[in-house]
Each structure stands twice: as structure tokens, then as C-alpha cells.
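Open the model in your viewer and keep the sequence panel beside it. We will go from one selection to the next.

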Amino acid sequence: MASRSRGDGNYRNPCLTMHQPWASLLVYGIKRIEGRSWPSPITGRLWIHAAGKVPDPETIKAMEDFYRQLYALDGVTDLKFPEHYPVSRLLGCVEVVGCVTSEELASWEDIPQGVRLEGLTPFCWLCEQPQKLLIPFEMRGYQGVYNLEKRILEGALRGLSPVEAQLPIKFPLPDPRNRLSLKPGSLKKTSNTSQSNQTSSPSLTAAIEGARTAATQFSKKTYVGPTPGFQGQGSNINDRTR
């Protein structure tokens, strides 16, 4: 995967390249948390691009089982997944409304139970309002968060369609007067006993472990930060994207 300089943090039309099936799960509103080993550098619209690696059936099954179990905690038992997981395509966008740590997410009593268990990495980007492209655009991806090219952006804006998520999420702001108030350290710590009770189910525990295993194929043990590369759920700093 090629890289672009983004150390200045000047994001006009930020985009993130992710591996499948994580990319489509996010754009379809099934995945509400984008996990990373570094905090989100942006709030607002984030375009999602699928990397060039074709997902294997085992990875797809592991992630679908994971979300099937999480949604069941909140009463959704007929979760509908994407029919296809296209690669090397711009898929759509989400709104990143903030970022918290996995510990804060796990004890956040104001959000659905299943969402609390999505945080499998140190930092959790909070995603709302998914929109998908009616016709995904073929394009090349880059490492980390980068700006979408103007010509691609113009076409993408014309092809967006809102997604009707089966369990829409609205993350409450710690300070309703400040839309940027959801950041690491902004939430009050509460008891984490509810999470312990949720993970007592053998099927749920197995699904979480399966999701962790699926994500580790794209992870590095050494954290290099957001500028030289990107790490998180469904990401790989060494994979080339076309």
C-alpha cells in the first residue's frame, strides 16, 4: 500500500482504507466502532475504502458470527449482512463523532450492550450515519487517514445513499454544547460488572475470540503510530492496495 504525507493533520475529505469484511460492515451500519491503536485524528465525515485483499470465507464467517452475537444482546436476531465484500473500491462514508478508549466504551451505560463489546483495540472511533455508494468506485488506497482526490469526491457525492441500519446508534455527548467533547478521557468511569455478565455466554466468548483472531492477521505487535502506517481492526501497514 502506498503512503501519503499527512503529518500536518489538514484533512479536507478524509478517507480510510480498511480490509474486508470490516470495511463493508462499517459502511452498512453493522459495525459501529472502528478500532485503532491510535486516537482518531478527525471528527465528521470519513470516507471508507476497501483494500485489495480478497477476504477468506473463514474471516467473513468469524466477523459475521461476532456481530450476530453482539446484536442478539440488544434483541436483533435477524441481522442482515452484505451480499458481497468488494475490494479495491470506495464504498461510502460514516460520521465519526468522537473517540474513546476501549475501557471507557466497555463501561458506557448510555449505549447498547452490544456496542460496548465492539472495542477490541485501545482506541474506539465512534461512527454514526452510514452511507453507501450505489456503485462503489474503483480506486487506490493509502496508509492511514488521507484526503480523497477531488475528482473521486465529486463523483462519490452524487452516488451516496443513506443506510437503514437495523440498530441505529446515537452516541450521547458528554457536553451537548460541544460536538467535539467525545474524546479519550471524557467519560466518567463506572462499574464494569455489566460487561463481565455479558461475556459469560460461551457462544459470545467464542465469537469475541474469533473476531480477535481474524483481526490479528492484519496486526503488528509494534505500534508505529498513525503517520508512518495504520493499525487496527482489519488493517495492515504492509499490504498493497490497488
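A residue counts as buried when its relative accessible area is under 20%, and as exposed when that area is over 50%. Keep that cut-off in mind, and remember that this is a predicted model.

**Stop one: Q143.** Select Q143, which lies in the loop between β5 (123-138) and β6 (145-147). Is Q143 buried or exposed? Its relative accessibility is 8%, so Q143 is buried. Now add L16 to the selection and draw a C-alpha to C-alpha distance: Q143 and L16 are 7.8 Å apart in space, although 127 residues separate them in sequence.

**Stop two: Q131.** Next, move to Q131 in strand β5. Q131 has a relative accessible area of 18%, so this residue is buried too. Which residues does Q131 touch, leaving aside those up to four places away in sequence? Show V27, R45, L91, G92, C93, L160, S161, P162 and V163 to see these contacts.

**Stop three: the cysteines.** One of the residues that Q131 touches is C93, so select C93 now. C93 is buried, with a relative accessible area of 1%. Then select C15, which is buried at 0%.

How many disulfides does the structure hold? The count is 0. Why is C15 not bonded to C93? A disulfide needs two cysteine sulfur atoms within 2.5 Å. The closest cysteine sulfur to that of C15 is the one in C93, and it is 9.9 Å away, which is too far for a bond. Looking from the other side, C93 is in no disulfide, and its nearest cysteine sulfur is that of C15.

Notes: Residues are numbered from 1 along each chain as its sequence is written. This is a predicted model: local features need pLDDT of at least 70, side-chain atom pairs count only at pLDDT 80 or more; totals for chains, interfaces and linings use all residues. Side-chain values use heavy atoms; hydrogens and water are left out. Buried means under 20% relative accessible area, exposed over 50%, partly exposed in between (1.4 Å probe, protein chains only). Helices (H or I, at least four residues) and strands (E, at least two) are DSSP runs, numbered from the N terminus. Contact means heavy atoms within 4.5 Å.
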